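Subject: The structure, and what turned up in it

Hi,

Here is the structure I promised to send over. Have a look at it first, and then read on for my notes.

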Amino acid sequence: MPPANVDSRDPLQMRAAAVGLHPQLPRDLLARLSPTDYRNAGTAIQTAVAEAPEGAAFVWPRQRWPGLATFQVRMMRAADPGCRRYVVTVAKDGWSTTAPPMETCDSQPGHRRRY
């Protein structure tokens, strides 16, 4: 799976990619995410990649808070055994958006981390 295309001139795409969100999520959504939302996205993705088995979904934060986004990270089968593939659904302000799949790989030789 090729890595997501990130426009290095776009701070919203760079911020999304830094926490593991797909940089091609709608720009208006990325702009509406608060610093807490970005932190929660990173927590959701890191926890799911580290702990959730293939086929499972991890939701963070567990309790919904008014004005904050909720992130559901669904783990999928990756083509390479050293990688983890996931899909993130973001719910904020009554709307829900599902991003294209992302993949992250371990640091073993022959693998590279891809966000």
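A disulfide here means a pair of cysteine sulfur atoms within 2.5 Å. By that criterion, a search of the whole structure turns up one disulfide. Please keep in mind that this is a predicted model.

**The disulfide**

The partners are C83 and C105, with their sulfur atoms 1.9 Å apart. C83 belongs to strand β3 and C105 to strand β5, so the bond ties together parts that are 22 residues apart in sequence. The torsion about the S-S bond of C83 and C105 is about 95 degrees, which makes the disulfide right-handed. C83 is buried, because its relative accessible area of 6% is under the 20% limit. C105 counts as buried too, at 4% relative accessibility.

**Salt bridges**

How many salt bridges does a search of the whole structure find? There are six, and here are three of them.

- R85 pairs with E103, and their closest N and O atoms are 2.9 Å apart. This salt bridge links R85 in strand β3 to E103 in strand β5, 18 residues apart. Both R85 and E103 are buried.
- R27 pairs with D10, with 2.7 Å between the closest N and O atoms. R27 sits in helix α2 (residues 27–32) and D10 in the segment before α1 (11–19), so distant parts of the chain, 17 residues apart, are linked. R27 counts as partly exposed at 49% relative accessibility, whereas D10 counts as buried at 11%.
- E54 and R77 meet through their side chains at 3.1 Å, N to O. E54 is in the loop between α3 (35–51) and β1 (57–60), and R77 is in the loop between β2 (70–76) and β3 (83–92), so the pair ties together parts that are 23 residues apart in sequence. E54 is partly exposed, at 47% relative accessibility, while R77 is exposed, with a relative accessible area of 63%.

As background, side chains of opposite charge can pair when their charged atoms come close.

**The nonpolar core**

In soluble globular proteins, nonpolar side chains tend to be buried together. The largest nonpolar core in this model has 26 residues, and L21, L33, F71 and V90 touch the most other members. At least two residues of this core come from each of α1, α2, α3, β2 and β3. Helix α3 gives the most, with six residues. If you would like one residue to start from, try V90: leaving aside residues up to four places away in sequence, V90 touches ten-odd neighbours you can click through, including L21, L25, L29, L33, F71 and W95.

**An aromatic pair**

The structure holds one aromatic pair. The ring centres of F58 and W60 are 6.2 Å apart and the planes are at 10 degrees, so the pair is stacked. F58 is buried, with a relative accessible area of 14%, and W60 is partly exposed, at 24%.

**Confidence**

Where is confidence lowest, and where is it highest? Among the helices and strands, the mean is lowest in β5, at 92, and highest in β2, at 98. The protein averages a pLDDT of 90, and 90% of the residues score at least 70. Residues 108–115 are a stretch to read with this in mind: pLDDT stays under 50 there, and the model has 24 contacts for them beyond four places in sequence.

Happy browsing, and do write back with any questions.

Best wishes

Methods. Residues numbered from 1 in each chain as written. Predicted model: local features only at pLDDT ≥ 70, side-chain atom pairs only at ≥ 80, totals over all residues. Heavy atoms only, no water. Salt bridge = Lys/Arg side-chain N within 4 Å of Asp/Glu carboxyl O. Helix = DSSP H or I, 4+ residues; strand = E, 2+ residues; numbered from the N terminus. Buried < 20%, exposed > 50% of the residue type's maximum accessible area, 1.4 Å probe, protein only. Core = buried A, V, L, I, M, F, W, Y, C linked by side-chain atoms within 4.5 Å. Contact = heavy atoms within 4.5 Å. pLDDT = per-residue confidence, 0-100. Phe/Tyr/Trp six-rings, centres within 6.5 Å; stacked < 30°, edge-to-face > 60°.
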